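Visitor: Please take a close look at one pair of packed helices. I would like the geometry and the residues involved.

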Amino acid sequence: MNDFKMPALGADMEAGTLVEWLVKPGDRVKSGDVIAVVETQKGAIEVEVFAEGVVSDILIPVGERVPVGTVLAQIDGAGVAPLPVEPAIVAPKPAPQALAEAPPKPTVAPQVSRRKITPAARRRAVALSLDLETIVKGTGVEGSIRLADVEAAASVARPAPPLTRRGLDLSQMRQAIAAAMSRSKREIPHYYLAETVDLHLSLTWLEAFNADRPPIERILPAVLFLKAAALALREQSKLNGAYENGVFLPAAGIHVGWAIALRGGGLIAPAIRDTDKKTLVELMAAMRDLVERARRGNLRSSELTSPTITVTSVGDRGAESVTGVIYPPQVAIVGFGRVATRPWAVEGRVESRPLVTVSLAADHRVTDGHIGGLYLAAVARLLQEPEKL
Amino acid sequence: MTDAEIRALILELICDIAPELDPASARDQDDLREIFDLDSMDFANLIVAIHDRTKIAIPEADYNKLFTLAGATAYVREALASSAARTR
């Protein structure tokens, strides 16, 4: 028998509201399946199960708010693997209760397919107390339900019982960010470094790479940043992991939390698993998928619990540099500013070059500026050999 | 496609990316990225969507021609006209 519990999906999450069950007693589940949707301060999150077996009992009904760790359901099954507590972090040897590199496979598509609903449609449905199940067919991409579908359904449907709010509540999101960042600034002695990197070679290479590809296969410069930031962690592993209860726990894998700005406000940084091992094309697809799901409210629990470091890139309309605040219990955050064309000295001459400011904020309880400097130097070096990324 | 149809299509595709905003607020010379708060990924997705719906080639070097509604409409119109001329 395995207990399926309310997970902790962020640094300061204390409780969550069960908003949807995707299984019922008697259903068979396997590790990685999404079986419930939980509403947190950061919006609705799909929660995966990390056990195999049959759902024997559902203990918490939809609509109930319960503390982190509360048993939500019981999974009955033979040969059930022990439930991993936190997949990404490995305790330092010789700790006897070292956590195993755990088995979740977030890349495996969940068995349960859910209807796509645009955030605006979801908000409107809530405002109208409209049951989304009454909408038979969405007219959006892949049958997703759009605002117009909700309006159309509302004009014919009778008012349904009020729905539990599933969309993102921005004031709640703000509170979650405030709590995590306050804790970070209170507890983590940050140090800050920055390096200006010439992107001439990277962008020239990228231009050629994208030139003969259709739009869907083209790669954004941010993908090069992400890959370089991940590969450089192989050289400086003390920036990759968690600081908990007075010790640094190095992470077994490099799972970069990619900071995504949500439309209308708010921020979330779900993990791209094994960032360093993915190709640029895979990373672009992963990034596109995460942005879409973050905005729709379809992120999975493992994506929120597994980041081992955060990378933020402000894009082409952002500021020239960004210095991040570490997301606890992580120990570093890497920031890429806007790419700006500026004068740059090349072999004694001044040339016009695309430049980016790369910053590092890191935890002084774990590393010093020396390590941080080596890390930024590695990122800069990797961006001079884009074909190897 | 007429200019009005192209303009409507572009606004529809933006609406899929930024569903909370009112497309009617867009004026021809506005920078779409600013008024619809499109980041690099959003804009890349808009290009993908325009390509999927019209089948026109949009080289990366031309992206800046599509920053405004007027520019994007003209770009799509000309690309459609030149691809029609080639197949004729």
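Guide: Here is the helix pair, followed by its setting.

This is a predicted model, where local features need pLDDT of at least 70, side-chain atom pairs count only at pLDDT 80 or more, and totals for chains, interfaces and linings use all residues. Residues are numbered from 1 along each chain as its sequence is written, while chains are lettered from A and ligands numbered from 1 in the order in which they are written.

Chain B has a mean pLDDT of 90, with 99% of its residues at 70 or more (pLDDT is the predictor's confidence in each residue, from 0 to 100). The model has ipTM 0.90 and pTM 0.79.

Take helix α1 (residues 3–17) of chain B and α3(B). Helices are DSSP runs of H or I, at least four residues, numbered from the N terminus. The two axes come within 10 Å and cross at roughly 135° (axes are lines fitted to C-alpha atoms over the stretch in contact; angles run from 0 to 180 degrees between N-to-C directions). The helices α1(B) and α3(B) are therefore oblique: angles under 35 degrees count as roughly parallel, over 145 as roughly antiparallel, 65 to 115 as roughly perpendicular and the rest as oblique.

From α1(B), the contact residues include Leu9(B), Leu13(B) and Ile17(B); from α3(B), they include Leu46(B), Ala49(B) and Arg53(B). Contact means C-beta atoms, placed from the backbone, within 7 Å.

Now the partner chain. 16 residues of chain B are in contact with 25 residues of chain A. Helix α3 (residues 40–54) of chain B gives the most to chain B's side, with six residues.

How values were computed: Contact = placed C-beta atoms within 7 Å. Helix = DSSP H or I, 4+ residues; strand = E, 2+ residues; numbered from the N terminus.
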